[in-house]
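Hello! Here are my notes on the model you sent over, set out point by point so you can follow along in your viewer.

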Amino acid sequence: MSKARHARARRSTRRVARTISIAGLGAGITAAGAASAFATDYTVKSGDTLSEIAQANGADWHELARINHLKDPNLILIGQTLTLDGVKTTADRDQKPRVIKKAETRKADAKKSEKSERRTRSSRSEDRPSSSKASLSGAWAKVANCESSGNPRAVNGAGYYGLFQFDLQTWRSVGGSGNPINASAAEQLMRAKKLYAQRGASPWPVCGRFLR
């Protein structure tokens, strides 16, 4: 090494190498700096930045600043020795969030599965015919109580169904489909009123008296 170079190095110890950007936008680390990637110590060269030194050594620059007690990470001295021993690597820093993410994903999947199962159970419950009495009022409530005890799922062995004991042919004649016991109480009432508009109380020879 020439005397001139030694002279420049001694003068440069009185200058500081300021990092242009923590993101590593400054000048590249010298070949000598890169070669020391696995060393326990690193000597700061002209143009070095803390983020570049950390990156070249697979370390986290925050940890590098903490281990070396740097109050200002943007201010390092040429010729300053930085210890790399005990500095967490970027891989160590990133590992924990990845594990948390997987755990959170499993938890979210479990919640989705539980919600889906609840919706399925609810749907099955809605599909099962209810044996509870319909909420009716007035004359039609009296007809329903007389015909079926107010049970929208009532079945008569002679072939009559629901609140108002429709036979299937009459049910279809007023726009019904399938079996009346599978229709809501509101629909059964609506179709009973439609039948009454067409034929009066005659479809209910006994209980129709409440409609007169």
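**Notes on a disulfide, a helix and a buried glutamine**

1. Let me begin with Cys146, which has 32% relative accessibility and so counts as partly exposed. Please keep in mind that this is a predicted model. Cys146 is joined to Cys207 by a disulfide, with an S to S distance of 1.9 Å. The structure holds 1 disulfide.

2. What about the other end of the bridge: is Cys207 buried or exposed? Cys207 counts as buried, because its relative accessibility is 4%, under the 20% cut-off for that class.

3. Which way does the bridge turn, left-handed or right-handed? The torsion about the S-S bond of Cys146 and Cys207 is about -70°, so the disulfide is left-handed. Cys146 sits in helix H6 (residues 138-148), while Cys207 belongs to the segment after H8; the pair therefore ties together parts that are 61 residues apart in sequence.

4. Now to H6 itself. Its buried residues are Trp140, Ala141, Val143, Ala144 and Ser148. They span an arc of only 160° around the axis, which puts them on the same side of H6. The spacing fits a familiar rule: an α-helix has 3.6 residues a turn, so residues three or four places apart point the same way. H8 is included in what covers the buried residues of H6. Just after H6, Ser149 takes a positive phi of about 60°.

5. H8 deserves a look of its own, and Gln188 is a good place to start. Gln188 is located in helix H8 (residues 185-199). With 0% relative accessibility, Gln188 counts as buried. Where does its side chain reach? The side chain of Gln188 reaches the backbone oxygen of Pro152, at 3.2 Å.

6. The surroundings of Gln188 are worth displaying too. Leaving aside residues up to four places away in sequence, Gln188 touches Pro152, Arg153, Gly162, Leu163, Phe164, Phe166, Trp171, Pro180, Ile181 and Ala183.

7. Finally, the whole protein. There are 8 helices and 6 strands, and along the sequence they follow the pattern α-β-α-β-α-α-β-β-α-α-β-β-α-α. Of the 212 residues, 30% count as buried. Among contacts between residues at least 6 apart in sequence, 51% join residues at least 24 apart. The accessible surface comes to about 13800 Å², and 51% of that surface belongs to carbon and sulfur atoms.

Key:
Residues are numbered from 1 along each chain as its sequence is written. This is a predicted model: local features need pLDDT of at least 70, side-chain atom pairs count only at pLDDT 80 or more; totals for chains, interfaces and linings use all residues. Side-chain values use heavy atoms; hydrogens and water are left out. Helices (H or I, at least four residues) and strands (E, at least two) are DSSP runs, numbered from the N terminus. Buried means under 20% relative accessible area, exposed over 50%, partly exposed in between (1.4 Å probe, protein chains only). A polar contact is a pair of N or O atoms within 3.5 Å; within protein, one must be able to donate a hydrogen and the other to accept it, and residues adjacent in sequence count only if both atoms are side-chain atoms. Contact means heavy atoms within 4.5 Å. A disulfide is a pair of cysteine sulfur atoms within 2.5 Å. Accessible areas come from the Shrake-Rupley method with a 1.4 Å probe; for residues, only the protein chains shown count as cover. The arc is that of the directions from the helix axis to the C-beta atoms.
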